[in-house]
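Here are a few exercises to work through with the model open in your viewer. Try each task on your own before reading its solution.

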Amino acid sequence: MFGDLTISWYIVLFVGSIFGGFVGSLSGGAGMITMPLLLLSGLNPIQALATNKLQACVGSFTGAAHYYKSGLMDLGQSRIYMIIALIFSAIGVALVQVIPLESLSKILPFAMIIVGIYFLFSPNISDDDTIKTTHAFLPYISCAIASVYGGLLGVGIGSFMLAIFVGLAGYGLSKALAYSRSIVFVINLISTLLFIIGGNVLWGLGAIMCIGQMIGASLGAKLAIKSGIKVIRPMVICLCLVMSAQILIKELL
């Protein structure tokens, strides 16, 4: 249930999950913080990934719930995106068995850099809704493609979904973040259920980290709701660039 870890690692992972939940609710990318810590603790990689998905699922749900309560998200509008995410992330999970993830890992840093540059230089990003794309189905198609990726690899999926809702659906940044958290929750849920069926989740450790995620995600969502674009935009830019650097360094080493 806990893995062969010392007390100090429980504390580190609990604190890490708080920070991960906080960052995830502001910009996505909580796994960038929690997954390396789980691997450094010495856990089996499959158990680390499974436990990380469990706590990420709770964190994304907590953030989405706060945004929904604040009125930033309409379940009627998000329902179609959530159904798309449910179906296509399941396809992504199934494709894990046949698609080499190394090629995705090599493309990912450049995709993250593009997202970061978009949020850094785009003049159209604000907390107000803008004109949607003239191609009405493009946001749905993009959501489907991103959801497949979310089921396959999932790194940076929150930032990709945020870019889709801002750039294609025309949502204001705070509203886009709210919708992206609900989609990320659905994607995490599918992956988590798969790991639960496989018996790979460390439930005791996962419960501790879930509590941390709830604390961090609540704090992050409240800050995002209060401050909006002033906090969200720089967080997304920093996250994309840091994740890109982290992955590139890992590939080079």
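**Exercise 1. Find which residues Asn52 is in contact with, leaving aside its neighbours within four places in sequence.**

Solution. Start with the location: this is a predicted model, in which local features need pLDDT of at least 70, side-chain atom pairs count only at pLDDT 80 or more, and totals for chains, interfaces and linings use all residues. Residues are numbered from 1 along each chain as its sequence is written, and side-chain values use heavy atoms, with hydrogens and water left out. Asn52 is found in helix H3, where helices (H or I, at least four residues) and strands (E, at least two) are DSSP runs numbered from the N terminus. Next, look for contacts, meaning heavy atoms within 4.5 Å. With neighbours within four places in sequence set aside, Asn52 is in contact with Gly31, Thr34, Met35 and Leu38. Finally, check the burial: Asn52 counts as buried because its relative accessibility is 7%. Buried means under 20% relative accessible area, exposed over 50%, and partly exposed in between (1.4 Å probe, protein chains only).

**Exercise 2. Decide whether Gln55 is buried or exposed, and list its contacts.**

Solution. Gln55 lies in helix H3, which covers residues 45-69. Its relative accessibility is 0%, so Gln55 counts as buried. Leaving aside neighbours within four places in sequence, the contacts of Gln55 are Ser17, Thr34, Gly206, Met209, Cys210 and Gln213.

**Exercise 3. Work out which residues Gln47 touches, not counting those up to four places away in sequence.**

Solution. Gln47 also belongs to helix H3. At 29% relative accessibility, Gln47 is partly exposed. Not counting residues up to four places away in sequence, Gln47 touches Asn200 and Leu202. Now compare C-alpha atoms: those of Gln47 and Phe195 are separated by 8.6 Å, with their positions 148 residues apart along the chain.

**Exercise 4. Count the disulfides, and say why Cys143 has no such bond.**

Solution. Apply the rule that a disulfide is a pair of cysteine sulfur atoms within 2.5 Å. The count comes to 0 disulfides. For Cys143, the closest cysteine sulfur is in Cys57, 16 Å away, so it is too far for a bond. Cys143 is buried, with a relative accessible area of 0%. Cys238 is in no disulfide either, as the nearest cysteine sulfur, that of Cys240, is 9.5 Å away. Cys238 is partly exposed, at 46% relative accessible area.

**Exercise 5. Describe the fold of the protein chain in numbers, beginning with how many helices and strands there are.**

Solution. The protein chain has 10 helices and 0 strands. Its radius of gyration is 17 Å, close to the 18 Å that the globule rule gives for 253 residues, so the chain is as compact as a globular protein of that length. This radius is taken over C-alpha atoms, and the rule is 2.2 Å times the number of residues to the power 0.38. Along its principal axes, the C-alpha trace spans about 55 × 40 × 35 Å. Buried residues make up 51% of the 253 residues. Among contacts between residues at least 6 apart in sequence, 83% join residues at least 24 apart.
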